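Colleague: I would like to go through the labels on this model and hear the reason behind each one. Could you take them in turn?

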Amino acid sequence: MLISLSVVIITFNEEANIGRCLEALQDVADDVVVVDSFSTDRTLEICRQHGARVIQHAFEGYVEQKNYATAQARHDYVLQLDADEVLTDELRASIQVVKANWQHAGYTLARLTNYCGSWVRHGGWYPDRKLRLYDRRLGQWVGLLLHERFEVAAGQTVGLLAGDALHYSYHSVEQHVSQLNRFTSISAAELALRGKTRVTLFHLLLKPVWKFVHGYFFRLGFLDGFAGLCIATISAWGVFLKFAKLRTKPASATQPV
């Protein structure tokens with residue numbers, strides 16, 4: 001029996017991405033709902049042009065926002081996407097197969113990331129599987145401030161979808177660095193919430209070096225050329241920033257902006 005599928009997307013100022021995301025949903029989605037955190041650009045206009053239901057809701061955190069968005073779906077079977085992700089033909093076909101023969105609590109999909117115009121297949125960035133297709137009755141979004149994930153109930157099984165979701169991540173190195181600064185503040189706050197406030201030279205020096213070596217050499221990031229070098233270097237810098245912020249402002253780390 002063919003199930004009905006809702007697609008849920010959370011947005012904030014995504015006019016550069018959301019149209020491309022919505023255009024790829026026409027043959028798989030029976031319902032599309034966008035939960036927007038009061039965008040100030042053309043995001044809402046573009047969503048409505050594509051027939052999506054739009055609900056504005058203040059952003060309280062990634063876990064909270066995605067659970068809220070999931071609850072707004074008209075159907076229990078849900079595909080959660082980010083605005084900068086696009087389903088490929090192969091992935092859409094795989095979802096159609098699952099819609100006709102649903103067997104698990106959820107399904108993971110692979111993401112292929114575009115970094116400054118280059119597709120990244122190494123360095124730990126591919127296949128970057130995420131559980132995004134799920135029966136909302138059999139799990140929920142969990143996590144603290146960052147790295148949220150959908151977790152199925154104990155005893156439930158998870159299947160794999162064929163095909164990639166194209167992830168248009170960073171358009172420039174400047175954008176990557178800007179987001180890294182924000183995310184490292186959130187990551188430092190998350191560590192503080194977990195009570196992990198001890199920072200040593202191991203965290204500030206050795207962990208960043210290992211991050212670079214592991215991604216660039218062991219995970220073959222060098223095969224991605226300039227993109228791979230940028231990713232490995234900036235990722236290593238991010239590890240240093242996270243622990244440096246945790247060490248210098250532990251008291252405020254639980255209150256990220």
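Modeller: What follows sets computed values against cut-offs, and the model is a predicted one.

Colleague: Why is Leu161 called buried?

Modeller: The cut-off for buried is under 20% relative accessible area. Leu161 has 2%, so the label applies. Leu161 is part of strand E11, residues 158-170.

Colleague: Which residues does Leu161 touch, leaving out those up to four places away in sequence?

Modeller: Contact requires heavy atoms within 4.5 Å. On that basis Leu161 touches Leu91, Ser94, Ile95, Val98, Tyr107, Thr108, Leu109, Arg129 and Leu133. As for Arg132, its C-alpha is 10.0 Å from that of Leu161, with the two positions 29 residues apart in sequence.

Colleague: What makes a group of residues a nonpolar core?

Modeller: The members must be buried residues of the nonpolar kinds, joined through side-chain atoms within 4.5 Å. The largest such core here has 34 residues, and Ile9, Leu25, Leu79 and Leu87 touch the most other members. E11 supplies the largest share of this core, four residues. Another core, of 17 residues, lies apart from it and includes Ile10, Val63, Tyr134 and Trp141.

Colleague: Which residues does Leu25 touch, again without those up to four places away in sequence?

Modeller: Leu25 touches Val7, Ile9, Val32, Leu81 and Leu87.

Colleague: Why is the pair of Asp82 and Lys66 called a salt bridge?

Modeller: The definition asks for a Lys or Arg side-chain nitrogen within 4 Å of an Asp or Glu carboxyl oxygen. In this pair the closest N and O atoms are 3.6 Å apart, so the definition is met. Asp82 is in strand E4 (residues 77-82) and Lys66 in helix H3 (residues 62-71), so the bridge ties together parts that are 16 residues apart in sequence. Lys66 is also buried, at 3% relative accessible area.

Colleague: Which salt bridge partner of Arg137 lies in the loop between H3 and E4?

Modeller: That partner is Asp76, and the closest N and O atoms are 3.4 Å apart. Arg137 itself sits in the loop between strand E8 (130-135) and strand E9 (139-142), so the pair ties together parts that are 61 residues apart in sequence. Arg137 also forms a salt bridge with Asp135, with the closest N and O atoms 2.9 Å apart.

Colleague: How do you know whether Arg137, Asp76 and Asp135 are buried or exposed?

Modeller: Exposed means over 50% and buried under 20%, with partly exposed in between. Arg137 is at 54% and counts as exposed. Asp76, at 25%, is partly exposed. Asp135, at 5%, is buried.

Colleague: How many salt bridges does the structure hold?

Modeller: There are 18. Shared partners join Lys66, Asp82, Glu85, Arg111, Asp128, Lys130, Arg132 and Glu148 into one network.

Colleague: What makes Phe217 partly exposed?

Modeller: Phe217 has 45% relative accessibility, which means a place in between the 20% and 50% cut-offs. Phe217 is in helix H6, residues 201-218. With Trp210, Phe218, Leu220, Phe222 and Leu223, Phe217 makes a nonpolar surface patch of about 640 Å².

Colleague: Where does UniProt list a "transmembrane region"?

Modeller: The unreviewed entry gives residues 216-240. In the model, residues 216-240 are 76% helix and 0% strand, with the end C-alpha atoms 17 Å apart.

Technical notes:
Residues numbered from 1 in each chain as written. Predicted model: local features only at pLDDT ≥ 70, side-chain atom pairs only at ≥ 80, totals over all residues. Heavy atoms only, no water. Helix = DSSP H or I, 4+ residues; strand = E, 2+ residues; numbered from the N terminus. Buried < 20%, exposed > 50% of the residue type's maximum accessible area, 1.4 Å probe, protein only. Patch = residues over 30% accessible without salt bridge, like charges linked within 9 Å, V, L, I, M, F, W, Y side chains within 5 Å. Areas by Shrake-Rupley, 256 points an atom, 1.4 Å probe, with all protein chains shown as cover. UniProt positions renumbered as here; feature names shortened; annotations may be inferred.
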